[in-house]
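When you meet a protein model for the first time, it helps to move from the whole chain down to single residues. Please look at the sequence and the structure below, and keep both in view while you read.

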Amino acid sequence: MVILEEEAIRSLSDVTSAREVIRDAFHAQHRGEATVPSIISMPFRDPEGVSHIKVGHVHSDRTWTVKVSTDFFPGDGEPTRHSGLMVVLSSEDGSLVAVLRDNGYLTELRTGAAGGLAADLLARADARTVSIIGAGSQARYQLEALCDVRPIQNVRVASRTQERAREFVAEIESRFDLSAQLFDTVEEAVAGGDVVVTTTQSTAPLLRAEWLEPGAHVTAVGSDEPSKWELDPNVLAQASVVAVDDLNQTSCYGELHHALEAGALEASSVVTLGQLIAGAAPGRTSDEAVTVADLTGVGIQDAAIAAFVVRAAAQAG
């Protein structure tokens, strides 16, 4: 059994390898070669927060993973406090293989990787401008993953916390060497966006369908609880493709959950990332089509990225 700390885990993983691992995991899920139990959620009141326990197993791996991820919301304008770890166990005898004390890093990395994968599957090949709603840590992971699959040049940012948004814009220009602008409203930030990414804790719709440019791709990652909500149901209703990470999960937790409740679309019209990867469902059909990816974070992502890190650690000695 090994214990890996965050610094070592960061040295063993990167955005490109994470996307490839996550792609393989979703493909395995589509083939029926992965197990994804339901999420366990634990809310906290003082201070306000929530813990999610996610479990997954990709059948080709010799391990399965229990991931505990916790977020606390200060409510005073400060960033959300993330924490977490992964317990990796043998799928052959149940013994403890590793404890990954990543402090939530792998959750951030695999979430960003899924966003990059969704954009790679659905965004126009020439997408150069991204509109990012939110300025927290996941906004950075989403941008890094997107830049790995598309020739991004311009970033348009909107966030309810202006100070954090200004820091994000400065970081985009210095770290990513991209042109970045801060806007007062979501509507202004979305104008001209080839890709729109929402990364907030919102409990009411932030993005409306009429604000989107023809040919835009939308990736929503904020709704990992039934109460969270970033996209007006018409965004999904008017999209030519709505893709999800897991149909059962997004029907209860994601943007799809709200769209189904509103009667904006039927679940039968929704495809999964696994189907797109396998070629079992069509993706973008024209440069004018609007596409949406609703990502709630699935246990097989945690299992896959954890198994990858354990293998990488063994190879590195």
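Helices and strands are here runs assigned by DSSP, with at least four residues for a helix and at least two for a strand, and they are numbered from the N terminus. With that in hand, we can place Pro47, which sits in the loop between β3, residues 40-45, and β4, residues 48-58. The peptide bond that leads from Asp46 to Pro47 is cis, and its omega is near 0°. Please keep in mind throughout that this is a predicted model.

Let us now step back to the whole protein. The protein contains 11 helices and 17 strands. Its radius of gyration is 18 Å, close to the 20 Å given by the globule rule for 317 residues, so the protein is as compact as a globular protein of that length. Taken along the principal axes, the box that the C-alpha atoms fill is roughly 55 × 40 × 40 Å. Of the 317 residues, 57% are buried, and the protein exposes about 13,500 Å², of which carbon and sulfur atoms supply 48%. If we consider contacts between residues at least 6 apart in sequence, 69% of them join residues at least 24 apart. The protein carries 24 positive and 45 negative charges, and the mean positions of these two groups are 2 Å apart.

The next step is to follow how some of the strands pair. Strand β5, residues 63-72, and strand β6, residues 81-90, are paired in the antiparallel sense over 10 bridges, and one residue pair to look for is Phe72 with its bridge partner Arg81 in β6. Strand β6 is also joined to strand β7 by 4 bridges, and these two strands run antiparallel. Here Met86 stands opposite Leu100 of β7, while Val88 has Ala98 of β7 as its bridge partner. Between β6 and β7 there are 5 residues, and the two strands form a hairpin, in whose turn Gly94 has a positive phi of about 80°.

Strand β7, residues 96-101, is joined to strand β1, residues 2-5, by 4 bridges as well, but β1 and β7 run parallel. In this pairing, Ile3 has Val99 in β7 as its bridge partner. As you look along these strands, it is useful to remember that in a regular strand the side chains alternate between the two faces of the sheet.

Some loop residues also deserve a careful look. Asn103 lies in the loop between β7 and α3, which spans residues 105-122, and it has a positive phi of about 55° although it is not a glycine. With a relative accessible area of 41%, Asn103 is partly exposed. Asp177, which is found in the loop between α5, residues 162-175, and β10, residues 179-182, is likewise a residue other than glycine with a positive phi, near 55°. The relative accessible area of Asp177 is 68%, so this residue counts as exposed, a word that is used for values over 50%.

Finally, is His257 buried or exposed? Its place is in helix α9, residues 255-261, and its relative accessible area is 11%, so His257 is buried, the limit for that word being under 20%. Leaving aside residues up to four places away in sequence, His257 touches Pro226, Thr250, Ser251 and Cys252.

How values were computed
Residues are numbered from 1 along each chain as its sequence is written. This is a predicted model: local features need pLDDT of at least 70, side-chain atom pairs count only at pLDDT 80 or more; totals for chains, interfaces and linings use all residues. Side-chain values use heavy atoms; hydrogens and water are left out. The radius of gyration is taken over C-alpha atoms; the globule rule is 2.2 Å times the number of residues to the power 0.38. Buried means under 20% relative accessible area, exposed over 50%, partly exposed in between (1.4 Å probe, protein chains only). Contact means heavy atoms within 4.5 Å. Accessible areas come from the Shrake-Rupley method with a 1.4 Å probe; for residues, only the protein chains shown count as cover. Lys and Arg count as positive and Asp and Glu as negative; His and the chain ends are not counted. The place of a charge is taken as NZ of Lys, CZ of Arg, CG of Asp or CD of Glu. Two strands pair if DSSP finds at least two bridges between them.
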